[in-house]
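Okay, thanks for making the time, everyone. I'd like to walk you through one chain today, strand by strand, and you can follow along on the screen.

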Amino acid sequence: MAQQSPKKQTYIAPSENIATSTSKVPFTSTVSVYPNPAKNLALIKGTSENVKWTLITLSGTTIKSGNGTEVKLDSLKSGYYILRKNDGNKNNVVHFLKIKTTK
């Protein structure tokens, strides 16, 4: 005899729990990293002096974190990075490029 596979059950959520639209939220970020591209030092502009930041690779690995508006990059390889900042009020994410220093 052939085995019968179990019947699949489908769950239908009540319609009052389903979002059918979203309101438009304007994206305004006043935070930036400069210079971009950067060599040995990147500065965070548009935030408080006591900002906490985290430096992340594009693959999601946290590689460095610190406080203040200066981010030292001399130990990093060239490439694209993500800077996530938190100044107590808001979290922002800024993408920037680290380039090789010429000697």
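Before I start, one definition: when I say contact, I mean heavy atoms within 4.5 Å. With that in mind, take the contacts in this chain with a separation of 6 or more: 47% of them are between residues 24 or more positions apart. And please remember as we go that this is a predicted model.

So, the inventory. The chain has 7 strands and 0 helices, and going along the sequence you simply read β-β-β-β-β-β-β. There are 103 residues in the chain, and 25% of them are buried.

How do the strands pair up? Let me take the sheet of 4 strands to begin with. The sheet is open, the order is β4-β3-β6-β7, and the pairing is antiparallel. β4 and β7 are the edge strands; each has a single partner, so one side of each has no neighbour in the sheet. From one strand to the next, the twist averages 20°.

Now let's go across that sheet. β4, residues 62-67, is joined to β3 by 5 bridges, antiparallel. If you want to find the register on screen, look for Lys-52, whose bridge partner in β4 is Asn-67. β3 and β4 make a hairpin with 4 residues between them, and Gly-60 in that turn has a positive phi of about 95°. As a reminder, most residues other than glycine have a negative phi.

On to the next pairing: 6 bridges join β3 to β6, again antiparallel. There, Thr-57 stands opposite Tyr-81 in β6. Tyr-81 also takes us on to the next strand, since its bridge partner in β7 is Phe-96. β6 and β7 pair antiparallel over 8 bridges.

Let me stay with β3 for a moment. How many of its residues are buried? It's 5 of 6, so β3 is mostly covered. Thr-54 is a good one to click on. Thr-54 sits in strand β3, and its relative accessibility is 17%, so it counts as buried, the cut-off being under 20%. If you skip the neighbours within four places in sequence, Thr-54 is in contact with Thr-62, Lys-64, Ser-65, Ile-82, Leu-83 and Arg-84.

Okay, second sheet. This one is also open, with 3 strands in the order β1-β2-β5 and antiparallel pairing. The edges are β1, at 32-34, and β5, at 70-72; each has a single partner strand, so one side of each is left without a neighbour in the sheet. Ignoring direction, neighbouring strands here are turned by 30° against each other on average.

β1 and β2, which is residues 41-45, run antiparallel and are joined by 3 bridges. Tyr-34 has Leu-43 in β2 as its bridge partner. Tyr-34 comes up again, because if you look at the ring, Lys-45 lies over its face, at 6.0 Å from the ring centre.

And Tyr-34 has one more thing to show us. The peptide bond from Tyr-34 to Pro-35 is cis, with omega near -10°. Pro-35 is in the loop between β1 and β2. Then, in that loop, we find Pro-37, and a cis peptide bond joins Asn-36 to Pro-37, with omega about 15°. For context, most peptide bonds are trans.

Last topic: the core. Nonpolar side chains tend to be buried together in soluble globular proteins. Which residues touch the most other members of the largest nonpolar core here? Out of 15 residues, they are Ile-44, Leu-55, Val-71, Leu-73, Leu-83 and Phe-96. As for where the core comes from, β2, β3 at 52-57, β6 at 79-86 and β7 at 91-98 each supply at least two residues.

Leu-83 is the one I'd bring up on screen. Again leaving out neighbours within four places, the residues in contact with Leu-83 include Val-33, Ile-44, Trp-53, Leu-55, Val-71, Val-94 and Phe-96. Thr-54, which we looked at earlier, is also in contact with Leu-83.

That's my tour, so let's rotate the model and take questions.

Definitions and conventions
Residues numbered from 1 in each chain as written. Predicted model: local features only at pLDDT ≥ 70, side-chain atom pairs only at ≥ 80, totals over all residues. Heavy atoms only, no water. Pairing = 2+ DSSP bridges. Axes fitted to C-alpha atoms, helices over the stretch in contact; angles between N-to-C directions. Lys NZ or Arg CZ within 6 Å of the ring centre and 35° of its normal. Core = buried A, V, L, I, M, F, W, Y, C linked by side-chain atoms within 4.5 Å. Buried < 20%, exposed > 50% of the residue type's maximum accessible area, 1.4 Å probe, protein only.
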